[in-house]
Amino acid sequence: MKVYYDNFKNKATIRKVRVKPYCGAKQKQDGYLLKVYALYEHNFLYKADMFESEEDALNELKKYSCGTFKEVAE
């Protein structure tokens, strides 16, 4: 899992997951789960979204907080 913080006391994570892409699917596929939290609001989860690639998840994250999210080691 990768962790990101911005300049506005928000935290984001991107985690690789294995999920069925639709009901009745026989096989799971890799996906990337993006979650964004407001740390100043008791870790309130205000965004959760699934993407087909990590790059797509990162591109979505760039749209938030004036692009100030930076990856950190946790």
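## Exercises on a predicted protein model

Let us start with one residue: setting aside neighbours within four places in sequence, Tyr32 is in contact with Ile14, Arg15, Lys16, Asp49, Met50, Phe51, Glu52, Ser53, Glu54 and Ala57, where contact means heavy atoms within 4.5 Å. The model is predicted, so local features need pLDDT of at least 70 and side-chain atom pairs count only at pLDDT 80 or more, while totals for chains, interfaces and linings use all residues. Residues are numbered from 1 along each chain as its sequence is written, and side-chain values use heavy atoms, with hydrogens and water left out.

**Exercise 1. Describe the overall layout of the protein.**

Step 1: Look for the helices and strands, which are DSSP runs numbered from the N terminus (helices: H or I, at least four residues; strands: E, at least two). You should find one helix and five strands.

Step 2: Follow the sequence from its start, and the pattern reads β-β-β-β-α-β.

Step 3: Draw a box along the principal axes; the C-alpha atoms fill roughly 40 × 25 × 25 Å.

Step 4: Turn to burial, where buried means under 20% relative accessible area, exposed over 50%, and partly exposed in between (1.4 Å probe, protein chains only). Of the 74 residues, 31% count as buried.

Step 5: Take the contacts with a separation of 6 or more; residues 24 or more positions apart account for 42% of them.

**Exercise 2. Find which residues make up the largest nonpolar core.**

Step 1: Recall the term: a nonpolar core is a set of buried Ala, Val, Leu, Ile, Met, Phe, Trp, Tyr and Cys residues joined through side-chain atoms within 4.5 Å.

Step 2: List the members. The largest such core has 10 residues: Tyr4, Ala12, Ile14, Tyr32, Leu34, Val36, Phe51, Ala57, Leu61 and Phe69.

Step 3: Place them on the elements. Strand 2 (10-19), strand 3 (29-38) and helix 1 (54-61) each supply at least two residues, and strand 3 gives the most, with three.

**Exercise 3. Compare Thr13, Val19 and Glu60 by place, burial and contacts.**

Step 1: Begin with Thr13, which lies in strand 2. Thr13 counts as buried because its relative accessible area is 6%. Beyond its neighbours within four places in sequence, Thr13 is in contact with Met1, Lys2, Val3, Leu33, Leu34, Lys35 and Tyr37.

Step 2: Move along to Val19, also found in strand 2. At 30% relative accessibility, Val19 is partly exposed. Not counting residues up to four places away in sequence, Val19 touches Gln27, Lys28, Gln29 and Met50. The C-alpha atoms of Val19 and Met50 are 10.0 Å apart in space, although 31 residues separate the two in sequence.

Step 3: Finish with Glu60 in helix 1. Its relative accessible area is 14%, so Glu60 is buried. Leaving aside neighbours within four places in sequence, the contacts of Glu60 are Leu34, Lys47 and Phe51.

**Exercise 4. How many disulfides does the structure have, and are Cys23 and Cys66 buried or exposed?**

Step 1: Remember the chemistry: a disulfide is a covalent bond between the sulfur atoms of two cysteines.

Step 2: Apply the cut-off, a pair of cysteine sulfur atoms within 2.5 Å. A search of the whole structure finds zero disulfides.

Step 3: Check accessibility. Cys23 is exposed because its relative accessibility is 81%. Cys66 has a relative accessible area of 73%, so Cys66 is exposed too.
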